[in-house]
Amino acid sequence: MTATLIDGKAFAARLRQGIAGQVDAMRARGITPGLAVVLVGEDPASQVYVRAKGKQTREVGMTSFEHRLPADTSERDLLALIGRLNDDPAVNGILVQLPLPEHMDEAAIINAVDPAKDVDGFHILNVGLLATGQKAMVPCTPLGCLMMLRDHLGDLSGRRAVVVGRSNIVGKPMAQLLLRDSATVTIAHSRTQDLPSLCREADILVAAVGRPGFVKGDWIKPGATVIDVGINRTPDGLVGDVDFEAARAVAGAITPVPGGVGPMTIACLLANTLTATARKNDLPDPEGLTP
Ligand SMILES: NC(=O)C1=CN([C@@H]2O[C@H](COP(=O)(O)OP(=O)(O)OC[C@H]3O[C@@H](n4cnc5c(N)ncnc54)[C@H](OP(=O)(O)O)[C@@H]3O)[C@@H](O)[C@H]2O)C=CC1
Ligand SMILES: Nc1nc(=O)c2c([nH]1)NC[C@@H]1CN(c3ccc(C(=O)N[C@@H](CCC(=O)O)C(=O)O)cc3)C=[N+]21
């Protein structure tokens with residue numbers, strides 16, 4: 001048996017098409033959603049993402065604001081910029097690209113963003129709202145993973161999910177979303193014992209570790225749905241956290257890298273910008289873009 005490929009690239013293109021239609025409708029009423037992306041420093045990978053985000057933002061008819069600051073920018077100056085973006089009515093979404101340079105207090109920066117404009121869903125208010133089942137801004141990568149899981153599996157309730165990785169940006173919010181959909185969720189990390197056996201129990205396996213090919217084929221339950229969040233640059237090119245060829249022979253469905261979770265992350269960023277714009281203007285949440 002060979003696993004079904006979950007085509008994140010195609011899914012993201014459909015999502016963006018729907019978003020573009022909703023942006024058109026908003027613009028007809030005089031509202032143009034705006035997304036500001038802030039990049040501090042010259043990390044090459046970050047520059048690639050920021051360029052892709054700007055391009056796709058414009059393609060769906062939103063306004064893109066890009067702020068590139070030198071790596072030695074002071075925290076004070078960055079906070080001042082965030083303050084101006086918070087106050088700017090043309091800006092509906094703010095994303096501060098991570099990682100930030102060492103000398104910055106990441107939490108302080110994230111929590112300086114107006115929670116209503118926090119399209120990354122990293123602000124403590126949004127984290128708390130998600131954890132308590134209230135209307136929040138939901139982190140883009142886990143939201144994209146959830147959309148693909150629901151699309152492929154339908155109802156997730158009662159399914160056993162294992163999330164490998166407990167970061168604030170992927171693992172933890174992913175687990176929250178799966179729990180909200182009534183999956184039975186386990187979060188694994190570097191101290192987890194006998195990870196292969198744990199993974200073998202998973203109907204849904206999400207790998208967000210940051211190590212190329214970390215999840216082996218024989219860790220996967222036959223027929224399971226595997227979501228590979230990993231983005232690892234190796235001499236062989238871009239690879240995920242799952243040993244793709246081996247996993248493909250066992251899993252029921254799997255997301256490839258590239259072309260899986262990555263494109264969905266950017267599409268969900270646009271989705272969140274649309275949601276933030278709708279909420280700001282007392283319009284109902286856009287259909288199908290919130291969990
Ligand atoms: N496609 C996309 O859109 C995105 C992709 N990514 C990619 O996803 C991956 C994860 O990102 P992120 O969550 O930010 O990474 P972090 O480095 O913040 O977290 C990695 C997690 O993996 C765990 N881990 C590390 N080694 C092991 C191990 N040997 N066994 C079990 N668990 C382990 C860590 O555990 P512990 O906490 O114990 O240290 C940690 O919780 C990266 O490849 C990143 O590039 C990230 C964001 C978006
Ligand atoms: N505040 C913040 N929010 C983020 O959402 C955020 C961030 N910081 N820092 C970095 C990570 C990483 N991330 C990706 C986005 C798109 C792809 C993506 O489109 N990947 C393509 C390949 C692109 C390539 O070739 O590199 C794919 O998987 O097909 C990957 C990773 C968002 N992140």
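Leaving aside its neighbours within four places in sequence, with which residues is Gly-93 in contact? In this predicted model, the contacts of Gly-93 beyond that stretch of sequence are with Leu-35, Ala-36, Lys-117, Val-119, Asn-272, Thr-273 and Ala-276. Gly-93 itself belongs to strand 4, and it counts as buried because 29 C-beta neighbours lie inside 10 Å, where 20 or more are required for that label. A further pairing concerns Asp-118, which is 25 residues from Gly-93 in sequence, while the C-alpha atoms of the two are 6.1 Å apart in space.

The chain as a whole may be described next. Its secondary structure comes to 10 helices and 11 strands. The radius of gyration is 19 Å, close to the 19 Å that the globule rule gives for 291 residues, and the chain is therefore as compact as a globular protein of that length. Along the principal axes, the C-alpha trace spans about 50 × 40 × 35 Å. Of the 291 residues, 45% count as buried. When contacts between residues at least 6 apart in sequence are considered, 68% of them join residues at least 24 apart.

The domain assignment divides the chain into domain 1, covering residues 29-116, and domain 2, covering residues 140-262, and the centres of these two domains, taken over C-alpha atoms, are separated by 28 Å. Annotations are also available from UniProt, in an unreviewed entry, where residues 6-120 are listed under "domain: Tetrahydrofolate dehydrogenase/cyclohydrolase catalytic". In the model, this span is 48% helix and 16% strand, and its end C-alpha atoms lie 24 Å apart. A second UniProt annotation, likewise from an unreviewed entry, reads "domain: Tetrahydrofolate dehydrogenase/cyclohydrolase NAD(P)-binding" and covers residues 139-279. Over residues 139-279 the chain is 38% helix and 18% strand, with 17 Å between the end C-alpha atoms.

Two ligands were examined through the residues that surround them. Around ligand 1 there are 25 residues, of which Ser-167, His-189, Ser-190, Gly-210 and Thr-265 come nearest. By residue class, the shell around ligand 1 divides into 10 nonpolar, 12 polar and 3 charged residues, and helix 10 gives the most to this shell, with 3 residues. Ligand 2 is surrounded by 18 residues, the closest being Gln-97, Leu-98, Pro-258, Gly-262 and Thr-265. The elements that give two or more residues to the shell around ligand 2 are helix 2 (44-59), strand 4 (93-96), helix 6 (140-153) and helix 10 (261-280), and the largest share, 4 residues, comes from helix 10. The shell around ligand 2 consists of 12 nonpolar, 5 polar and 1 charged residues. Because domain 1 and domain 2 both give residues to the shell around ligand 2, this ligand lies between them.

Several details of the backbone can be added. A cis peptide bond, with omega about 0°, joins Leu-98 and Pro-99, and Pro-99 is found in the loop between strand 4 and helix 4 (106-110). Another cis peptide bond, with omega about 0°, joins Val-257 and Pro-258, and Pro-258 is placed in the loop between strand 11 (253-254) and helix 10. Leu-98 and Pro-258, which take part in these bonds, are also among the closest residues to ligand 2.

Positive phi values occur in residues other than glycine as well. Ser-182 has a phi near 65° and is found in the loop between helix 7 (171-180) and strand 6 (184-188); Ser-182 is exposed, since 12 other C-beta atoms lie within 10 Å, and a residue with 12 or fewer is given that label. Asp-194 has a positive phi of about 50° although it is not a glycine, and its place is in the loop between strand 6 and helix 8 (195-200). Asp-194 is exposed, with 9 other C-beta atoms within 10 Å.

Lys-216, finally, is found in the loop between strand 7 (204-207) and strand 8 (225-228). Because 15 C-beta neighbours lie inside 10 Å, Lys-216 counts as partly exposed. Leaving aside its neighbours within four places in sequence, Lys-216 is in contact with Asp-243 and Ala-246. Lys-216 and Asp-243 are 27 residues apart along the chain, and their C-alpha atoms are separated by 5.4 Å.

How values were computed: Residues are numbered from 1 along each chain as its sequence is written. Chains are lettered from A and ligands numbered from 1 in the order in which they are written. This is a predicted model: local features need pLDDT of at least 70, side-chain atom pairs count only at pLDDT 80 or more; totals for chains, interfaces and linings use all residues. Domain bounds come from an automatic or database domain assignment. A residue is near a molecule or strand if its C-beta atom, placed from the backbone, lies within 6 Å of it. Ala, Val, Leu, Ile, Met, Phe, Trp, Tyr, Cys and Pro count as nonpolar, Asp, Glu, Lys and Arg as charged, and the others, Gly among them, as polar. Two residues are in contact if their C-beta atoms, placed from the backbone, lie within 7 Å. UniProt positions are given in the numbering used here, feature names are shortened, and annotations may be inferred rather than shown by experiment. The radius of gyration is taken over C-alpha atoms; the globule rule is 2.2 Å times the number of residues to the power 0.38.
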